[in-house]
Structure formats: C-alpha cells, structure tokens
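Work through the exercises below with the sequence and the structure in view. Try each task before reading its solution.

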Amino acid sequence: MTNANAPSLATLRERIDATDAELLALLNRRAALAQEVGELKKREGSVVFRPEREAQVIDNLKRRNAGPLKADNIAPIWREIMSACRALETPTRVAYLGPAGTFSEEAALGFFGSSIVRVPCASFDEVFNTTAAGAADFGVVAVENSTEGGVARTLDLFLHTPLSIIGETSLFVRHNLLRKDNSLAGIRTVLAHPQALAQCHEWLGTHLPGVERRPAASNAEGARLAAEDPSIAAIASARAGSEYGLHVVAPAIQDDPHNRTRFAIVTDPRRHPAPAASGHDCTSLVVSVPNQPGAVHDLLVPLKTHGVSMTRFESRPARSGQWEYYFYIDLDGHPDQPNVAAALTALREACAFFKVLGAYPVDVH
Ligand SMILES: O=C(O)C(=O)C[C@]1(C(=O)O)C=C[C@@H](O)C=C1
C-alpha cells in the first residue's frame with residue numbers, strides 16, 4: 001500500500017541531510033566546549049580522562065532518551081563522540097593484547113572509542129609493564145570469562161602491580177574457526193589463545209577430533225599464522241578474519257552461546273588519580289586471610305555489618321605450598337560512601353594481605 005501523502009524518498013533524504021547538518025554543527029559546538037575544558041584542565045594540571053563523568057553523561061542521556069533511538073545505542077554513540085572530544089584535549093594511548101583484531105582491541109575501542117593511539121602488546125605482562133613505564137596511559141586486560149572463570153595471569157599480575165583499576169568493560173565473545181581454505185578438510189593444527197581453545201573445547205572434540213590444539217600468544221596472532229599456512233586453522237573474531245584475509249569456516253563455535261569476557265582498565269595512580277564516585281560503582285580488592293578456622297567467615301562479617309554487597313568472590317592459590325589463597329573480591333559501591341569505607345577499614349584489620357585494586361564506575365551499556 002502506498003500513501004499518496006507520504007513524503008517521497010528524495011524528500012526524506014533531504015530532511016536527513018538537513019538534520020545531519022544541524023547535528024554536525026551541534027557536535028562541533030560540543031567539541032569546542034571540550035577544547036575549553038581541556039585548556040582549563042591544563043591550567044589546573046588535572047587529568048583529561050574522567051571515567052565517572054563519561055559514565056554519568058551516558059546514564060543521563062539514557063534516562064532522557066524519548067526514542068525511537070534504542071537505549072542500547074546511546075552508550076556506543078556517545079562513547080565515540082566523547083572519544084573524539086577527548087582526543088581534542090589530549091591523545092589517549094591505550095595498551096592491550098595485540099596484534100590487530102584481538103578481543104582486547106575490541107574492548108579497548110568499545111571503552112575508549114576509536115580516537116585513541118593503539119599500543120598493541122605481545123602479552124598481558126607487557127600490557128602491565130608498558131602502562132607502568134608510562135609508554136601507554138591506560139592498559140586493557142581480560143579479567144574473567146563467563147565460561148572459563150578468572151584469567152589466571154591477569155589475577156596474578158594484579159597482586160604486585162603498582163597500577164590501579166579505573167574502569168571495566170565486557171564483551172560478547174563469539175569465536176569463529178578461520179582458515180585460508182574454506183573447508184574443514186586438511187586442518188592439521190588449531191591455533192588460539194589457551195582461553196579460546198578452552199571455550200571451544202566441545203566443538204573441537206566433535207568437529208576436529210584428533211587435530212592438534214596449539215596455544216598462541218593471542219587469537220589474532222593465531223589468525224596471522226593461519227594466513228601463512230593452509231594446514232593451520234585459527235579461532236578468533238570475525239574482525240581478525242577480515243584483518244588477515246581468512247574464511248570463516250565455522251561461525252560461533254564457542255561452547256556457551258552467551259560467552260562473555262570482562263576486561264579491566266588499568267592506569268598508573270601517580271599519573272592518573274582514582275575516579276570519583278559516579279553513583280554506580282564497584283570496588284575491587286585482593287586479600288588473604290590467616291590459614292585458620294573461620295577466617296573466611298570473618299572476612300564476610302564486616303560486609304554484612306555495613307550492608308555492602310559482594311558481586312564477585314574468587315580464589316587463587318598463594319603459591320606458598322601451604323594451601324593458602326588470595327581472594328579477589330568486588331564490592332558494590334565506592335570508598336567515598338561511609339558504609340563502604342567502614343567495611344574496608346574492618347576488612348583491612350581482618351586480613352593478612354589487603355590491597356584495593358581500584359574503585360570505578362560499573363560498565364554502562
Ligand atoms: O567533562 C570533562 O571533564 C571533559 O573533559 C569532557 C568529556 C566529554 O567529552 O564529555 C571528555 C573527556 C572526559 O573523559 C569527560 C568528558
């Protein structure tokens with residue numbers, strides 16, 4: 001059915017062009033304001049990136065959104081806008097596990113937007129070291145996966161690093177089998193990061209039984225090598241596939257269709273102070289308790305007493321050979337809140353080892 005009174009395609013496009021011109025003028029007005037903010041911060045000697053402010057901007061807009069734009073589209077659009085505005089104030093150098101095409105890179109772009117200076121690294125250790133040495137302003141590291149649990153190396157590095165967490169972001173992780181030839185026949189080796197091999201364990205057992213599974217430094221590194229040798233298949237993102245010119249031989253091969261990975265954003269607290277409270281924050285700590293009866297129970301008492309919710313509790317061996325553990329704990333709230341501050345003080349007293357890894361706005365979608 002056609003409506004004789006409905007505007008034509010040409011008319012609608014003219015209106016879109018006019019609206020885009022208005023949007024462009026508004027975006028430039030916003031960019032000029034951000035430049036002024038940048039100059040003010042330079043005079044004050046304060047840092048440019050304010051994750052709590054960016055979280056609040058997105059939160060406010062989501063609340064005001066009258067549609068038809070979907071609420072889920074607000075965060076990605078404004079992250080890009082703020083990324084472009086931030087870049088006018090100062091460049092943001094971000095270290096992550098490379099090479100191009102990794103999920104870590106996707107997480108970095110999702111959190112900071114695309115107006116960043118990319119600093120791809122060969123390992124999680126290198127991400128920490130590069131950021132601590134000041135060659136990057138921020139690092140992005142995988143912390144936990146919904147299928148595989150905690151990322152052991154990152155958790156171990158958190159123990160002694162001078163860096164703090166200032167943000168988090170999570171990604172839906174869809175793995176694909178990538179190869180130079182568009183078939184499963186003749187694959188002799190599957191290359192991927194050990195986490196990805198584990199997340200696709202069942203699929204590999206069913207579809208490529210007996211094929212060697214070899215760990216790679218990253219999925220994208222596996223894809224790069226698969227582009228050089230048709231007997232190698234890689235498990236990586238579709239983005240990595242296009243980056244290295246590979247076919248998606250089998251899409252979405254992760255055993256859990258809801259597979260997600262959570263990333264932490266780290267920085268040097270001497271150069272970038274902790275984010276102020278945003279109103280919707282998380283505080284991450286790592287603690288150990290004396291190896292005696294009731295010690296873990298005692299750890300939880302201050303949280304109950306002060307009404308602080310725990311959103312994550314994970315243990316890692318302390319490597320003392322004594323069955324001692326470090327506990328990685330996420331609390332709901334920010335140390336600026338009196339009940340959270342009181343719970344932290346009580347916890348510090350109950351623990352043999354106590355380190356606040358950071359307090360930061362929870363991921364906003
Ligand atoms: O409000 C600020 O502090 C700004 O610098 C502006 C702005 C923005 O574009 O809205 C940009 C960078 C900061 O991370 C936060 C917000």
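**Exercise 1.** At what angle do helix α2 and helix α3 pack, and how far apart are their axes? Classify the arrangement and list the residues in the contact.

Solution. The model used here is a predicted one.

Step 1. Locate the helices: α2 covers residues 51-64 and α3 covers residues 71-89.

Step 2. Read off the geometry. The two helices pack at an angle of about 140°, and their axes are 9 Å apart.

Step 3. Classify the angle. An angle counts as roughly antiparallel over 145 degrees and as roughly perpendicular from 65 to 115. The angle here is about 140°, and α2 and α3 are therefore oblique to each other. The crossing of α2 past α3 is right-handed.

Step 4. List the contact. From α2 come Glu-54, Val-57, Ile-58, Leu-61 and Lys-62. They meet Ala-71, Ile-74, Ala-75, Trp-78 and Met-82 in α3.

Step 5. Sort the contact residues by class. There are 8 nonpolar and 2 charged residues, with no polar ones.

**Exercise 2.** Which residues of α1 meet α3, and which residues of α3 do they meet? Describe the crossing first.

Solution.

Step 1. Helix α1 spans residues 9-44. The axes of α1 and α3 come within 8 Å and cross at roughly 45°.

Step 2. An angle counts as roughly parallel only under 35 degrees. With a crossing of roughly 45°, α1 is therefore oblique to α3. This crossing is right-handed.

Step 3. On the α1 side the contact has Leu-27, Arg-30, Ala-31, Ala-34, Gln-35, Val-37, Gly-38 and Lys-41. On the α3 side it has Ile-81, Ala-84, Cys-85, Leu-88 and Glu-89.

Step 4. By class, this contact divides into 8 nonpolar, 2 polar and 3 charged residues.

**Exercise 3.** Compare two UniProt annotations with the model. How much of each annotated stretch is helix?

Solution.

Step 1. An unreviewed UniProt entry lists "domain: Chorismate mutase" at residues 3-93. In the model, residues 3-93 are 76% helix and 1% strand. The C-alpha atoms at the ends of this stretch are 53 Å apart.

Step 2. UniProt also places a "coiled-coil region" at residues 9-43, again in an unreviewed entry. Residues 9-43 are 100% helix and 0% strand, with end C-alpha atoms 51 Å apart.

**Exercise 4.** Into which domains is the protein divided? Then describe how domain 2 and domain 3 meet.

Solution.

Step 1. The assignment gives domain 1 (20-89), domain 2 (93-172 + 260-267), domain 3 (176-250) and domain 4 (281-361). Note that domain 2 is written as two segments.

Step 2. Between the C-alpha centres of domain 2 and domain 3 the distance is 23 Å. Their contact involves 14 residues from domain 2 and 15 residues from domain 3.

Step 3. On the side of domain 2 that touches domain 3, the residues are 6 nonpolar, 6 polar and 2 charged.

**Exercise 5.** At what angle do the axes of helix α5 and helix α6 cross? Classify the pair.

Solution.

Step 1. Helix α5 is residues 124-132 and helix α6 is residues 152-160. Their axes come within 9 Å and cross at roughly 30°.

Step 2. Angles under 35 degrees count as roughly parallel, so α5 and α6 are roughly parallel to each other. α5 passes α6 in a right-handed crossing.

Step 3. The contact is formed by Phe-124, Asp-125 and Phe-128 of α5 with Arg-153, Thr-154 and Leu-157 of α6. These divide into 3 nonpolar, 1 polar and 2 charged residues.

**Exercise 6.** Where in the chain are Pro-68, Pro-99 and Ala-252? Give the backbone feature of each.

Solution.

Step 1. Pro-68 is in the loop between α2 and α3. Its peptide bond from Gly-67 is cis, with omega near 5°.

Step 2. Pro-99 sits in the loop between β1 (93-97) and α4 (103-112). Gly-98 and Pro-99 are joined by a cis peptide bond, with omega about 0°.

Step 3. Ala-252 lies in the loop between β10 (247-250) and β11 (260-267). Ala-252 is not glycine, yet its phi is positive, near 50°.

Definitions and conventions
Residues are numbered from 1 along each chain as its sequence is written. This is a predicted model: local features need pLDDT of at least 70, side-chain atom pairs count only at pLDDT 80 or more; totals for chains, interfaces and linings use all residues. UniProt positions are given in the numbering used here, feature names are shortened, and annotations may be inferred rather than shown by experiment. Helices (H or I, at least four residues) and strands (E, at least two) are DSSP runs, numbered from the N terminus. Domain bounds come from an automatic or database domain assignment. Two residues are in contact if their C-beta atoms, placed from the backbone, lie within 7 Å. Ala, Val, Leu, Ile, Met, Phe, Trp, Tyr, Cys and Pro count as nonpolar, Asp, Glu, Lys and Arg as charged, and the others, Gly among them, as polar. Axes are lines fitted to C-alpha atoms, for helices over the stretch in contact, and angles run from 0 to 180 degrees between N-to-C directions. A crossing is left-handed if the near helix is turned anticlockwise from the far one by less than a right angle, and right-handed if clockwise.
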